[in-house]
Amino acid sequence: MTLIEQMGQAARIASRQLATAGELKNDALKAIAGALRQNADKIIEANKTDLENGKANGLSASLLDRLMLDQKRIDGIAKGVLEVAALKDPIGDVISGGVRPGGLRITKVRVPLGVIGIIYEARPNVTADAAVLCLKSGNAVILRGGKEAINSNKCIANIMRDAIETAGLDKNCIQLIEDTSRSSSTELMGLVGYLDVLIPRGGKGLIRAVVENAKVPVIETGAGNCHVYVDEKADIEMAANIIYNAKTSRPSVCNAIETILVHEAVAEKALPAIKARLDEKNVELRGCERTAAILGDCVVPADESDWETEYGDYILAVKVVSSYDEALDHIAKYSSGHSECIITDDYKAAKRFTEAVDAAAVYVNASTRFTDGGMFGLGAEIGISTQKLHARGPMGLNELTSMKFVIEGEGQVRV
């Protein structure tokens, strides 16, 4: 039996305890929050090693930002853990029920998925976020982070494992695969019999690799080729402010926008106003010919790849469209199904957009940066699902559960 198979077996045993752990789960979460704060210096020290290695290996500024942990971010992680502890426990919730004509009482109740695997990249906060959401929803978790954050991940995972053990739970509720080679992720993808579901969190390449190669069920998350469409009846100042926020507040995350579409009727007025805001963060614009005709030589000519790319950086693709329908067609062709937005004062245009656009989150006059479990009132999230089964959008506690039927009788037999 390999080490990862042993981890799977240990996780399976731990998951049985978690399924009936009740209030012990909250005790463990509170212990984790306290331990993260108490050991912040240790985490920051481990993270410094990852940052130094990342700089030496040429990681981009946006990836280094994802990787970095400081006191403020650790406090934020700990605060998030306590927020999850305060959320209602979904396990045991009665989803529906009734009494059959023969007297059988049948209820559908919420139960844990069991053992969840998470494969992710250079974001050590995911180590904590994913683990605590799995724990609260009664699931054991096997984490496999990227090599860029391995020292941070090991430190955080060990702190959490020690904390939950002091609360009376099996520390194997949370396990981290320390081998960051490709073979370890391949083995995790094939951990049939141990993993109930595998969730990838990261870039398009990682997600595609997991979806195409996993032998266990996968929930597809994360890829965010998100758009803002500026309609002919848009408030231009509002559009500029929303686009500025949606692109620049944190360009490396999946709910940041990558393309804006501007109706030709307002393009000559809207594009200079939008560019003026984006210039505050030196955003590079890659635009169509009509965009370049309005904004001049500052626009890098866009090609087909620009409409397909999730930049994760201060780069924005820009296209002037001749009609509402052209905007819808462009989004339908290039969207990753994450978050899409329309800026308009036209009620009918807004309503049609929300009905026609096929995405997990569809916005009217608001930044796509709100696509987040915390912003949606779900607490921390395990990821943003861009598929339609078994969950869609920010995945909180309920999305980490399944259900079972409980049937109670008084001696009934089927004839």
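These legends walk through several close-up views of a single protein, starting with the whole chain.

The model is predicted, so local features need pLDDT of at least 70 and side-chain atom pairs count only at pLDDT 80 or more, while totals for chains, interfaces and linings use all residues. Residues are numbered from 1 along each chain as its sequence is written, and side-chain values use heavy atoms, with hydrogens and water left out.

**View 1. The whole protein has 15 helices and 16 strands.** Helices (H or I, at least four residues) and strands (E, at least two) are DSSP runs, numbered from the N terminus. Along the principal axes, the C-alpha atoms fill a box of roughly 75 × 65 × 35 Å. The radius of gyration, taken over C-alpha atoms, can be set against a globule rule of 2.2 Å times the number of residues to the power 0.38. For 415 residues a compact globule would come near 22 Å, and the protein's 23 Å agrees with that. Of the 415 residues, 51% are buried; buried means under 20% relative accessible area, exposed over 50%, and partly exposed in between (1.4 Å probe, protein chains only).

**View 2. Seven parallel strands make an open sheet.** Their order is β10-β9-β11-β8-β7-β12-β13. The edges belong to β10 (300-301) and β13 (361-364); each has a single partner strand, so one side of each is left without a neighbour in the sheet. Strands count as paired if DSSP finds at least two bridges between them. Inside the sheet, β9 (residues 284-287) joins β11 (residues 315-321) in the parallel sense over four bridges, and glutamate 284 has isoleucine 315 in β11 as its bridge partner. Helix α10 (residues 236-248) lies across β7 (226-230), β8 (257-263), β11 and β12 (339-343), and runs at about 165° to β8. For that angle, axes are lines fitted to C-alpha atoms, for helices over the stretch in contact, and angles run from 0 to 180 degrees between N-to-C directions.

**View 3. Edge strand β13 pairs with β12.** Four bridges link the two in the parallel sense, and glutamate 340 stands opposite valine 362 in β13. Which side chains of β13 are buried? Ala361 and Tyr363 are, pointing to one face, whereas Val362 and Val364 point to the other and are not.

**View 4. The largest nonpolar core holds 53 residues.** A nonpolar core is a set of buried Ala, Val, Leu, Ile, Met, Phe, Trp, Tyr and Cys residues joined through side-chain atoms within 4.5 Å. Ile32, Ile118, Leu135, Leu143, Ile174 and Ile382 touch the most other members. Helix α6 (residues 125-136) gives the largest share of this core, eight residues. Apart from this core lies another, of 31 residues, among them Val230, Ile243, Ala246 and Cys288.

**View 5. Serine 15 sits in helix α1 (residues 3-18).** This serine is buried, with a relative accessible area of 7%. Leaving aside neighbours within four places in sequence, serine 15 is in contact (heavy atoms within 4.5 Å) with Gly114, Val115, Gly138 and Ala140.

**View 6. Glycine 312 lies in the loop between α13 (304-308) and β11.** Is glycine 312 buried or exposed? Glycine 312 is buried, at a relative accessible area of 13%. Beyond neighbours within four places in sequence, its contacts are Ser62, Pro251, Ser252 and Glu258. The C-alpha atoms of glycine 312 and isoleucine 257 are separated by 8.8 Å, although these residues are 55 apart along the chain.
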